[in-house]
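Student: Hey, I'm new to this one. Can you walk me through it?
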Amino acid sequence: LISAFMLLSMGIFAGSFEKSMQKSTALAYGMLLILLAGTVIPGVLTAPFYEESMNDPFTLLLLFNPLVTEAAVVTAPLSGSQLIGSVYERLGFSLGNLSDVYIPLALFMELMMGAIFMLLAVRNITPAGLLRRSEGR
């Protein structure tokens, strides 16, 4: 539900940012693609350069990825935190001490991102925001 709120608020933000439906849809899909791929690709590219004992700083980027979070939420009752740890290991990451608090932390991050996108959308929809858009600022 929290991931859906985040994705919905991203779509509403895109709709408030652009006037035409086609541009706002393309913007929403582009933002989603950047969110999904942009949180995985840097870590996958840099993982071979980190030793197993080192924590890859890009591991924390996956907290923002709704697909990884939903996979963790759905499978947590079945396997605990082992599955999310194995997903991270397959991608070349190491969760370390983060595996026990991954799901609440990821859901909190998604909730905050959803709230930020919703506030930005409301700012664009208010009369001052509409005036800025019509003036081209």
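Tutor: Sure, let's start with a helix contact. In this predicted model, helix 1 meets helix 6 through I2, S3, F5, M6, S9, M10, I12, F13, S16 and F17. On the helix 6 side, the residues are L107, E110, L111, M113, G114, A115, F117, M118, L120, A121, N124 and I125.

Student: How do the residues of that contact divide into nonpolar, polar and charged?

Tutor: The contact of helix 1 with helix 6 has 16 nonpolar residues, five polar and one charged.

Student: And at what angle do helix 1 and helix 6 pack?

Tutor: The angle is about 25 degrees, and their axes lie 8 Å apart. Angles under 35 degrees count as roughly parallel, so that's what helix 1 and helix 6 are. Their crossing is left-handed.

Student: Which residues in helix 6 are buried?

Tutor: Y102, A106, E110, M113, G114, F117, A121 and N124 are.

Student: What span should helix 6 have, and what do its end C-alpha atoms show?

Tutor: Helix 6 covers residues 102-125. With 24 residues at 1.5 Å a residue, helix 6 should span 34 Å, and its end C-alpha atoms are 34 Å apart, so the two agree.

Student: New topic: where is S24 found?

Tutor: S24 sits in helix 2, which runs over residues 21-38.

Student: Why does S24 count as buried?

Tutor: Its relative accessibility is 12%, and buried means under 20%.

Student: What is S24 in contact with, leaving aside neighbours within four places in sequence?

Tutor: That would be A14, G15 and E18.

Terms used:
Residues are numbered from 1 along each chain as its sequence is written. This is a predicted model: local features need pLDDT of at least 70, side-chain atom pairs count only at pLDDT 80 or more; totals for chains, interfaces and linings use all residues. Side-chain values use heavy atoms; hydrogens and water are left out. Axes are lines fitted to C-alpha atoms, for helices over the stretch in contact, and angles run from 0 to 180 degrees between N-to-C directions. Helices (H or I, at least four residues) and strands (E, at least two) are DSSP runs, numbered from the N terminus. Angles under 35 degrees count as roughly parallel, over 145 as roughly antiparallel, 65 to 115 as roughly perpendicular and the rest as oblique. A crossing is left-handed if the near helix is turned anticlockwise from the far one by less than a right angle, and right-handed if clockwise. Contact means heavy atoms within 4.5 Å. Ala, Val, Leu, Ile, Met, Phe, Trp, Tyr, Cys and Pro count as nonpolar, Asp, Glu, Lys and Arg as charged, and the others, Gly among them, as polar. Buried means under 20% relative accessible area, exposed over 50%, partly exposed in between (1.4 Å probe, protein chains only). The expected span of a helix is 1.5 Å times one less than its number of residues.
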